[in-house]
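The following exercises invite the reader to work through a structure step by step. Each task is followed by its solution.

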Amino acid sequence: MTFGFAPSSVASMSASLMRAERSADSVNRPTRLLDPAEWAAASIPLLRNPREVVSGLHTRHRPIPQTVVIAVLDPDERLRASASFVRRESTTDGWTFRNALLFQLRRVIPHDLRRRTPVRTAVMLYCREGDTRWTEEDGAWMWGLRDACTLHGLRCGAYITMTRDGWQVLGEGRAGRRPSMGSVAEALGAEEPSAPRTGGAATEVLRRAAAR
């Protein structure tokens, strides 16, 4: 006696197997993300002093790997509110990230949905392992940041990554070695001593005045 499957049964099993494989693949692959070209096309406003913003957030939140810092800046780039949390999601999905960011924004600052145009800007700093190159996880956070800003009435600002090599504003090419993941936080308000400036018309005027 022989056993076998009818052709229709084999075809049905093959289709079911293919659907299962596609479903598993969709779970493992990131969805709802922005690639660097799409992010650049979004006309994200530039930070006037990215190092100052990064240093301030690093000092306030002392991020460890997988820490997300979301901050809201006023038009003069002063910090109005910020919050941090450690990523707990097992999947890389922009929709899930958007919800996490929106929850934090609603906790720390009222929305600006009544304004015709956004005035305040939200920026995000993500502390992670690896190098500074763009990843699909970064793309999902970018999608989530842009969507969360829209739903909270904010302008979507810079997306910043921090690794052991330093920090980088993705899409702008601006970066620095300090602060970095694991570095000692600077005191709030501390500034690096500036090198003395010499030469120029102003210096010549002062020299002549002193000689009188």
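**Exercise 1: A helix and its surroundings**

Task: Determine which strands the buried residues of α3 pack against, and describe how far the helix is covered.

Solution. The model is a predicted one. Begin with the packing: the buried residues of α3 lie against β1 (67-73), β2 (79-86), β3 (121-127), β4 (155-163), β5 (166-169) and β6 (174-176). Next, consider the helix itself. Helix α3 spans residues 50-61, which is 12 residues. From the first C-alpha to the last it reaches 16 Å, close to the 16 Å expected at 1.5 Å a residue. Then turn to its covering: α3 is mostly covered, with 9 of its 12 residues buried. Among these buried residues are Pro50, Val53, Val54, Leu57 and His61. Finally, look just past the end of the helix, where Arg62 adopts a positive phi of about 45 degrees.

**Exercise 2: A strand and its partners**

Task: State which residues cover each face of β3, and establish in what sense β3 pairs with β1 and with β4.

Solution. First, count the buried residues: in β3 they are 7 of 7. Second, divide the strand by face. Thr121, Val123, Leu125 and Cys127 are on one side, Ala122, Met124 and Tyr126 are on the other, and all are buried. Third, examine the pairing with β1: the two strands run antiparallel and are joined by 7 bridges. Within this pairing, Ala71 stands opposite Val123 in β3. Fourth, examine the pairing with β4, which is parallel and extends over 6 bridges. Here Cys127 is placed opposite Met162 in β4. Between β3 and β4 the chain passes through helix α5 (residues 136-152), forming a right-handed β-α-β crossover.

**Exercise 3: One residue in detail**

Task: Decide whether Thr67 is buried or exposed, and identify what its side chain reaches.

Solution. Start by locating the residue: Thr67 belongs to strand β1. Its relative accessible area is 4%. The limit for a buried residue is under 20% relative accessible area, and Thr67 is therefore classed as buried. Next, follow the side chain of Thr67, which comes to 2.7 Å from the backbone oxygen of Ile64. Last, list the contacts, leaving aside neighbours within four places in sequence: Thr67 touches Ser84, Phe85, Val86, Leu125, Tyr126 and Cys127. Two of the residues named here, Leu125 and Cys127, also appear together on one side of β3, while Tyr126 appears on the other.

Notes: Residues numbered from 1 in each chain as written. Predicted model: local features only at pLDDT ≥ 70, side-chain atom pairs only at ≥ 80, totals over all residues. Heavy atoms only, no water. Helix = DSSP H or I, 4+ residues; strand = E, 2+ residues; numbered from the N terminus. Expected span 1.5 Å × (residues − 1). Buried < 20%, exposed > 50% of the residue type's maximum accessible area, 1.4 Å probe, protein only. Contact = heavy atoms within 4.5 Å. Pairing = 2+ DSSP bridges. Right-handed = clockwise from strand over helix to strand, strands pointing away. Polar contact = N/O pair within 3.5 Å; in protein donor to acceptor, adjacent residues only side chain to side chain.
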